[in-house]
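Let's take a stroll through a protein model, from the whole chain down to a few side chains. Have a look at the picture first, then read on.

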Amino acid sequence: MRKRSKYAVFNRKGFVFLVAGAVVVVGALITYTLFIMPIEKPPGPIADPAKANCLECHAEMKPKTGYVAHAPLSNCTACHTSHPIGSYESALVKPLKELCFSCHPDESGKAKVAHGPYKQANCLSCHDAHQSPYPAILAQEERKLCLTCHAKVEIAGDPVRHEPFTQSCISCHEPHAGNFAGLLAAGTPEGCYTCHAETKAELAKNTRHSPFAAGSCLDCHKAHSSPVEGAALLAKAERSLCLDCHASALGLANPVVHKPLEGDCSTCHKSHATDTGSLLAKRTPDLCYTCHLSTRAELSQFRKHDPFARGNCTACHAAHTSTVRGQALLAQRTPALCYGCHQNVLAEQKLTIKHKPFAAGDCASCHASHAAPAMNLLAYANRGSFCQSCHPETKTASGHSLGHPLATNKINCSGCHTRTHASPNPNLLRARGNNLCSTCHSGAVTAYFTGDTTHASRIANCGTCHITAAAPAATCAQASCHPQRTGTYISGGVEYLNHPTGGSTVTGQALSCASCHDFHLPAADQRLRSGNFCLDCHAELQY
């Protein structure tokens with residue numbers, strides 16, 4: 001068996017003595033605490049709150065110069081217990097909702113819309129409890145405070161901003177509760193009219209844009225800012241905005257588009273209201289003449305198209321787009337557009353002989369659309385010159401010495417031809433054969449066909465002797481009927497000497513067959529004129 005060390009015996013005894021000593025000390029502390037140490041009462045409310053000096057410990061709450069102070073700041077115990085011992089956060093005397101509403105009555109009950117923090121009685125999310133450098137003890141500058149929650153309304157790239165939006169949100173919105181969506185202080189449009197009184201006055205005009213009449217300002221305008229530079233807070237670029245509602249009525253797929261429609265609708269229309277139809281900026285035709293000055297100048301012409309004279313541009317033209325290429329926004333193609341009013345002309349299409357432009361439906365070949373210097377809107381005042389622009393052969397004929405009155409411009413082409421559209425007769429004549437001539441020459445034609453003796457056994461056609469427009473000379477010898485009947489000629493071996501025709505050195509007069517003969521009236525001897533007609537030229541033979 002091993003012999004124990006003397007140090008082991010000593011360590012065991014020392015440990016026993018240490019434990020016993022610890023027990024004695026702990027027991028003494030318990031005895032002192034329970035029976036000897038004096039007991040202090042817990043702190044409670046100050047007996048006289050008016051004499052409390054909270055700022056000795058809470059110096060940061062001292063009023064600051066230029067700050068807006070909460071009214072109870074001078075009486076801390078109006079809101080707090082005297083020390084931070086109590087049932088509520090920050091030693092408040094009541095729950096926050098009850099405490100604030102004890103002085104500031106809750107408005108959410110009678111309002112239709114309440115601000116979220118206000119509805120939850122989270123007043124300190126917007127307000128400081130004690131003092132602030134901002135009105136209404138706001139925790140931050142008003143606009144910055146609102147944007148901490150409503151940052152999405154701040155669109156940095158928008159070039160146009162509503163003036164109240166740049167200054168004060170409560171210019172338009174209620175901060176706590178209200179009766180309109182978006183906590184607006186007043187509904188649209190009344191809230192808008194607070195500043196825009198001149199716009200409200202437009203309600204008295206005869207024609208109102210439907211969103212404007214309904215007070216739906218936000219159908220077209222943004223409330224805070226707009227991406228459209230130079231516009232009145234429009235929700236999008238003007239043309240796109242208008243087309244959102246009006247595209248289906250404009251026929252944008254049509255090949256011809258009125259130039260203003262490619263730009264801004266406000267070139268022709270007002271946005272809110274006007275005293276004219278279709279929200280036009282001016283009445284027609286004055287609105288049209290703003291751009292079409294050359295058309296306005298046509299009002300000075302002698303003859304005006306009836307719709308043009310009345311200023312009814314849209315009787316023939318479309319305002320926005322047209323399906324008719326190359327024809328100035330016409331509402332329909334010609335001649336269908338023309339026939340809408342000129343039904344009598346349409347009826348002439350049934351006739352067998354048609355003027356070439358009329359058959360092709362090319363009304364503009366002869367007629368001006370707005371005004372002209374001549375009747376029937378013809379482009380030339382001189383009817384003969386106008387017709388000759390397409391029929392130059394008649395102009396050549398009119399240079400002859402002896403001409404139909406047409407050639408001397410005493411009558412116009414329509415004296416013999418129809419109204420130039422169509423006819424049942426060749427060459428668009430008013431009548432056939434001698435019936436046409438008798439419309440002007442009734443006496444000569446009647447005498448010719450009723451006389452005792454007729455020229456060459458009553459030649460049936462005036463055109464046998466007469467050329468319609470003009471002839472170089474009325475010389476029967478040049479015709480196939482009376483060859484070699486002037487001057488000297490030989491017949492059957494006999495030389496004959498006839499009265500000369502043409503120039504005469506004796507009398508200085510130009511003679512023709514008609515100088516001695518009458519082709520229409522009957523005569524017993526060679527159809528000579530009656531009476532001493534020879535003396536008309538040979539006065540020296542009188543005795």
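## The whole chain

How many helices and strands does the secondary structure of the protein chain come to? The tally is 19 helices and 18 strands. Keep in mind that this is a predicted model.

The protein chain has 543 residues, and 24% of them are buried. Its exposed surface adds up to about 36800 Å², with carbon and sulfur atoms supplying 58% of that. Now take the contacts between residues at least 6 apart in sequence: 47% of these join residues at least 24 apart.

## Two ring pairs

A pair of aromatic rings is described by the distance of the centres and the angle of the planes. The count here comes to two aromatic pairs. In one of them, F101 and Y118 have ring centres 5.8 Å apart and planes at 70 degrees; that angle is over 60, so the pair is edge-to-face. This pair links distant parts of the chain, as F101 sits in helix α2 and Y118 in helix α3 (residues 116-119), 17 residues apart. Are these two residues buried or exposed? Both F101 and Y118 are buried.

Then there's Y380 with F386. Their ring centres are 5.4 Å apart and their planes stand at 35 degrees, so this pair counts as tilted. The partners sit in unlike surroundings: Y380 is partly exposed, with a relative accessible area of 42%, whereas F386 is buried at 10%.

## A serine in helix α2

Back to helix α2, which spans residues 96-103 and also holds S102. Why does S102 count as partly exposed? Its relative accessibility is 44%, which falls between the 20% limit for buried and the 50% limit for exposed, so "partly exposed" is the right label. A polar atom of the S102 side chain lies 2.4 Å from the backbone oxygen of L99.

## A histidine in a loop

Where would you find H370? Look in the loop between α15 (356-359) and β13 (371-372). H370 has a relative accessible area of 18%, and because that is under 20%, H370 counts as buried.

What does the side chain of H370 make a polar contact with? The partner is the side chain of E298, at 3.2 Å. Leaving aside residues up to four places away in sequence, H370 touches several others, including T295, R303, H305, F308 and L377.

## A charge over a ring

One last stop: R143 lies over the face of F165, 4.6 Å from the ring centre.

Technical notes. Residues numbered from 1 in each chain as written. Predicted model: local features only at pLDDT ≥ 70, side-chain atom pairs only at ≥ 80, totals over all residues. Heavy atoms only, no water. Helix = DSSP H or I, 4+ residues; strand = E, 2+ residues; numbered from the N terminus. Buried < 20%, exposed > 50% of the residue type's maximum accessible area, 1.4 Å probe, protein only. Polar contact = N/O pair within 3.5 Å; in protein donor to acceptor, adjacent residues only side chain to side chain. Contact = heavy atoms within 4.5 Å. Areas by Shrake-Rupley, 256 points an atom, 1.4 Å probe, with all protein chains shown as cover. Phe/Tyr/Trp six-rings, centres within 6.5 Å; stacked < 30°, edge-to-face > 60°. Lys NZ or Arg CZ within 6 Å of the ring centre and 35° of its normal.
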